[in-house]
Every structure is written in C-alpha cells, then in structure tokens.
Amino acid sequence: MSAERVLFVFVLIVAAGFFSLNVQRLVQYLRRGRDDHRLDHPARRLWNVLRIGIAQAKILRDPVAGPMHAGIFWGFLVLTAGTVELIVQGIVPGFTYARFLPRPVYLAYSASQDAFAALVLAAVAFAFFRRLVLHPRRLDGDKTHHGDAYFILGMIGGLMVTLLAMFAFDGAANPGALGPEKFVSRPLAALLAGVAPATAASVAHTSWWLHVLLVLFFLNYLPYSKHLHVVTSLFNVFFSNTSGPGQKGVMKAMDLEADVEQFGANDVAQLTWKNLLDGYSCTECGRCTAACPANITGKPLSPRKVVINTRQRLMESVGGLPLVQEHAATAVDERHLLDDYITEDELWACTSCRACVQECPVSIDQLEIINEMRRYLVLSESRFPEELQPAFESMERNGSPWAFSPADRGKWAEGLDIPTMAEAFAAGRRPQVLYWVGCMGSFDDRAKKTTVAFARILKACGIDFAILGQEESCHGDPARRMGNEYLYQMLARNAIETLDRYQVRTIVTACPHCFHQLGNEFPQLGGMYEVIHHSTFIERLLEEGRVPLQTEEGQALTVAYHDSCYLGRYNDVYDAPRETIRRALPIAKLVEPERSRDRGLCCGAGGGRMWMEERTGKRINAERTEELLATGADTIAVACPFCMTMMADSVKSREADARVVDIAEVVADRLAPG
Ligand code: SF4
Ligand code: SF4
C-alpha cells in the first residue's frame, strides 16, 4: 500500500471515528429526555419522510428560498453517491461504479454529478446573495447563528468547486476521457486545453484530496453547528406526529396518577427525547416565528427561540460536545429551561394556533414544548396570569369559564321547541344527533344568535336532534390549553359520563374548540363519538339539497372568510365553510385575505388567550381584522364563536363598515319561510 493510501485510510478512520463518537454523545443526550413512543404507523411515517423530507413539500411553500434549499438538499442526496465513489477511490485506486453499473445507468449517474454540482453551486451563490443583499427579516433575531450559516455555505461552495475542478482537470489531463454526459465539466476541460497534462493531472489529484478532506471536515463540523439538521431532519420528520400519525394538535395524554415528582416540564429532562431531537433539527430558518401571531404583533414569544433555547439548554446542561463547550456541566446546573432560557411571559403569549408547527419544514413541534411548560407552571407551581384564576374557579364551580349559572345554559332554546336529551329519553325517543352547544354558544349574547341560527337549520332540514341543556358542561378544553390538566380531566370525564349515559354516537357543534376536543382528544379518556363541525354538516345538507333555501339569489355581498385555527390547521377543514357560503349566497363574491387557509392568521383567542389581557404590542384581532378588511369585503364570515367575538370587537372598535357573521347565520338568513 502506498504511503498516500495509508495516510488517506488513517485520515478516514480518524474522521469517521470522531464523527461516530459525537453521534453517540448526541444520542446519549437525547436519552436525558422522557420516553415517547414514536414507532406506530410506520407506513405513514415513511410517507412523511418521502413527502416532507425527500420531496421537500414544506420547504417549497416558500417560492424564493424553497427552490434554493430544495436544490441544495437534492444535490446533496445525488452527490452523496459520488462522494462514496471518491472515498472508495482513496482506498482502491481507479475504482469506479462503471465497473458494475450497466452503461446507461452509469452515464446517467455521471451526468447527475455534473448537473447537481452546478445546481448546488448556483443555489449557494443565491443563498449568499439573499443573506448579504436581500436580508430577509425572518433570518434575523433570536441569536441566530449568521456566521455559522456563511461558514457552511462557503464549505458547500468549496465542495462543489473542488468537485468540478477535479472533473475538469482530469478531462484536461486525459483528452477524450470525458463523454458528452459531462456537460458542465467537459466545456471546462476544453478551456484548460493549454494546461500541460502532467500539471492538469496533479491539480485534479489535489482537487480530489481537497474535496474528500472537506467532506470529512464538513461531516465533523455538523454536530457543532445549526446545520446538524442535515443529519437529523429526516429522522425528525419520521418520528414527528405533526403531520400525522396521531391527530394533529392533540395534546399529549397525561397520567395524573403517575408517581412523579412534578408534572409538566421546567427543564430538558422533563421534555421527551423527541422534543430534544427537535432542538437538534432546527435550521433556524424563522418560518415559525414569521408566522406566529404573537410575534407578528410584538409579543415576547418566538417559537424559533423556544426551540433554539431548548437545544442550547440541553447542550449547556451536559457540558456540550468537547472541543467547543468550555463550560463544565456543573457551572449551569442551577439553571433551568424555564425562567433562565424561556420566560413565563413568552409561554403565556401563545394562542396555540399551530402556525409555527404548520410552517416548520422539518416537522418540529414547538407547541408541545410550550404546552408542557405551561403544565409545569400551573400544576407544579400554581404560576399563571391572575386573570386565569376566575376562569379556573368558574369552570370548577359552574362548568363554564364564565360565572354564569348552569341553570341558564339552555335558556337560548326557550320557545324554540328543541328537546333536551332528558326530555327525549323520557318520551321514549333516542335522537340521532346531539347538538353540543358549548359555553360561548350557550351564554355569550352574540354567539347565541349563531346557536339559534344553526338550530333553525337543523329543524328546517328535519334533523332528529336534541341538546343537553342544563346537563351540558364545559369539556375542559380551555383548562387543558391553559395548562390545568387536573381540571381538564375532571370536566372531560364528567362530560363523557353524560354523553355515554345518553348513548350519544353523533355530535354536531358550531364551535371548533368543542369539535376538536370532543372528537380528537376525548378518545384519550375513553369518549368515542363521531363529531361533525357545523360547517361540514351544513355543507353536506346543502349538497344533498335538504336545506329549503329561498329561490331568490340573495345579496351580492363581498365576503371574506376567516379560517379558525382549530378548524383549519387542527382539522384540515377549509373547503366546507367556503362551500357553504358559495351555496347559500350564489351571487356573493368570496375573497381571500393575504393569509388564508393553512396560513390563516389566528384571531388571538386560542390557548386560553380569550381570558387573558393583551397588554403588549398590537392586538392580534386588530391585525387580523385589518387584513380581512383590506380585501374590500363588506362581510366577514367566521365559523367559530371565539373568532366571532374577536373579529366583531375589532370591527366595532374601528367603526368599520362591515358586519361579522357566522356561516350558520348566512344560511339561516336564506331559509325559505315556513
Ligand atoms: S402556536 Fe401560534 S402563537 Fe403559539 S408559538 Fe406557535 S405560532 Fe406562535
Ligand atoms: S423550528 Fe422549524 S420553522 Fe422554526 S426556525 Fe426551526 S426549522 Fe425553522
């Protein structure tokens, strides 16, 4: 074996050994997190890897940065095959895939190396231009690592330059060796025709050394860099539940009987290993923060910072990876993720809208970390905004977050000839459908109009339904989102007991929060029902021609529909409300705000924010209302009583010439008399 080969094998073993040592350390650090079962639904997980990871479906949602990142990623995949060939050449001189690949396949492979080297080089040049000249706002803030990004881009560019130089000088040293498939390096080799063959061969050989050394250095630099995501992101997508399996947005089940010292998380050891892997996988792209309604309106919350800080805290708590971290682990032992890295104010600013989760190209679940820390604040330390105390007390005493008498819950139905389940059962009937009205729909004056409108539609269509009346009680979703899992489980179990007593199978509701909670989260506690949101239910009735509408076409309104987060991003219901409007108002013009469907901006009421003062920055509902009114709409349509309150308040405070209506009201207004 030549001395050069011995040297290469030595370098390769040292580089591979150091990399695998750091991988072992990183895996060990993940083990500090709690257990979390993430191997169910393997086919679905693999599909996510193909769609989100390999096809870059989420990255490509950004029309500018998307193709650039996707180009670099796909280039890496294709060029990895060439890297393996080059490394084997260091051990077995003259090795080439041409020895065992069929010629057409080898030519395609050979062409791909040229094509992707040029593509990645162009993408890197654009990335530099974008960062240095265009300065996208979302790449700034949260102590993001700009220097690291430039260093990595420089290295990727260096890899491509050395690869193309190797091909081109090799071609110059061996005229005729490069076939037409080398459509980039062949013309480059032609430009080098004047270089002496021996010199060209020597430069080609040096380029090979530089290239493989850069590859090995790059690999070992990754664990110290934010670009660790290059290694972890595909695993992260595989283990993620943010795009299914596991329904989207369903909060983690919590065993309150468990023998644990504390509930929720105030440090990385109480988060799951998947939450910690999220930290490794963050690209710091800022898509989450740019979509966060709290951040947009000047609140202290940045979901990117939540993830960056989780990783930073983990690395500091273990002393980091040797060679970079100088702090001993003990130096930061007194610190915690909560308070020292992420503040209470940040956590309580979250509306649980899931925009961050939706936007993340590597399927990170920022909201799960926030929810776990809220649970710790409430359950372990009783630390929460003072406005939440009356809501908690009222849910416990009155079965509603507001201090209304439970006896008044069914008052909206007086005189409407709507039976309660108790009355129906007493008369020997078993209604097919339960109309779950919800706390807003039962007590809030504006929301009650929607409640009545939907009930009118159900009656006009001859649906066999009943309500629970006084027996309905809050299902506890607000308590759960605010971190009070004890209260949630108490309320949810009571509600399930009531529903099961009446053998309820099908539930309709006009509230997306009730829809999500009853349909998606009650199964954790044994409540299994078919739950249909009123938008879907009405749309089906319209489609079946069962809604007796007036024959005139109605008004030529301009309607902007506002997507509710718990209906849209949580449950993918986007078309039903729009279709309902189209069918009920055939000559109305349906317009879309700048942010709509899965990019819709939250109204600001979710995550318990409905019960908290908005003291910092611009009001979220004002931001959203401005966007909706900018469409020129005279009507804002909603499909959620919380959105109704937020939008109506904002429209009223700005004295805008627009009205806010629920889609049920749109249809009820068009019901034929009789
Ligand atoms: S869930 Fe919404 S409000 Fe909360 S951090 Fe994510 S984007 Fe921001
Ligand atoms: S959490 Fe996801 S969206 Fe947010 S900065 Fe990291 S990679 Fe980007």
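A cavity, as the word is used in these legends, is a set of grid points where a 1.4 Å probe fits but cannot get out. With that in hand, here are some close-up views of this predicted model.

**View 1. The cavities of the whole structure.** A search through the whole structure turns up nine cavities of 30 Å³ or more. The largest cavity holds about 110 Å³ of space.

**View 2. Inside the largest cavity.** Let's step in and look at the walls: 18 residues line the largest cavity, and Cys439, Met440, His475, Cys514 and Phe642 lie nearest its centre. Helix H19 (438-443), helix H23 (512-521) and helix H27 (641-653) are the elements that each give two or more residues to this lining. H19 provides the largest share, with four residues. By character, the lining of the largest cavity divides into eleven nonpolar, five polar and two charged residues.

**View 3. The surroundings of ligand 1.** Which residues come nearest to ligand 1? They are Cys292, Cys350, Cys353, Arg354 and Cys356, out of 13 residues around the ligand. Two elements, helix H15 (355-359) and helix H16 (366-380), give two or more residues to this shell. The shell is made up of ten nonpolar residues, two polar ones and one charged one.

**View 4. Cysteines without disulfides.** If you are looking for a disulfide, the count for this structure is zero. Two cysteines to find here are Cys282 and Cys288. Cys282 has a relative accessible area of 11%, so it counts as buried. Cys288 is also buried, because its relative accessibility is 8%.

**View 5. Two residues with positive phi.** Most residues other than glycine have a negative phi, which makes a handy background for this view. His41 is not a glycine, yet its phi is positive, at about 45 degrees. You will find His41 in the loop that runs between helix H1 (3-30) and helix H2 (42-54). Glu284, also not a glycine, has a positive phi of about 60 degrees. Its loop is the one between helix H9 (273-281) and helix H10 (287-291). Is Glu284 buried or exposed? Glu284 is buried, because its relative accessibility is 6% and the cut-off for buried is under 20%. His41, with a relative accessible area of 47%, is partly exposed.

**View 6. The domains.** Stepping back, the domain assignment gives domain 1 (3-31 + 62-135 + 146-224), domain 2 (268-380), domain 3 (395-543) and domain 4 (558-668). The centres of domain 1 and domain 4, taken over C-alpha atoms, are 50 Å apart.

Terms used:
Residues are numbered from 1 along each chain as its sequence is written. Chains are lettered from A and ligands numbered from 1 in the order in which they are written. This is a predicted model: local features need pLDDT of at least 70, side-chain atom pairs count only at pLDDT 80 or more; totals for chains, interfaces and linings use all residues. Side-chain values use heavy atoms; hydrogens and water are left out. Domain bounds come from an automatic or database domain assignment. A residue is near a molecule or strand if one of its heavy atoms lies within 4 Å of it. Ala, Val, Leu, Ile, Met, Phe, Trp, Tyr, Cys and Pro count as nonpolar, Asp, Glu, Lys and Arg as charged, and the others, Gly among them, as polar. On a 1 Å grid over the protein atoms alone, a cavity is a set of points where a 1.4 Å probe fits but cannot get out, and a pocket is an open set with protein on both sides within 12 Å along at least five of seven lines; lining residues have an atom within 4 Å of a point. Grid points are joined across faces, edges and corners, and a volume is the space filled by probe spheres set on the points. A disulfide is a pair of cysteine sulfur atoms within 2.5 Å. Buried means under 20% relative accessible area, exposed over 50%, partly exposed in between (1.4 Å probe, protein chains only).
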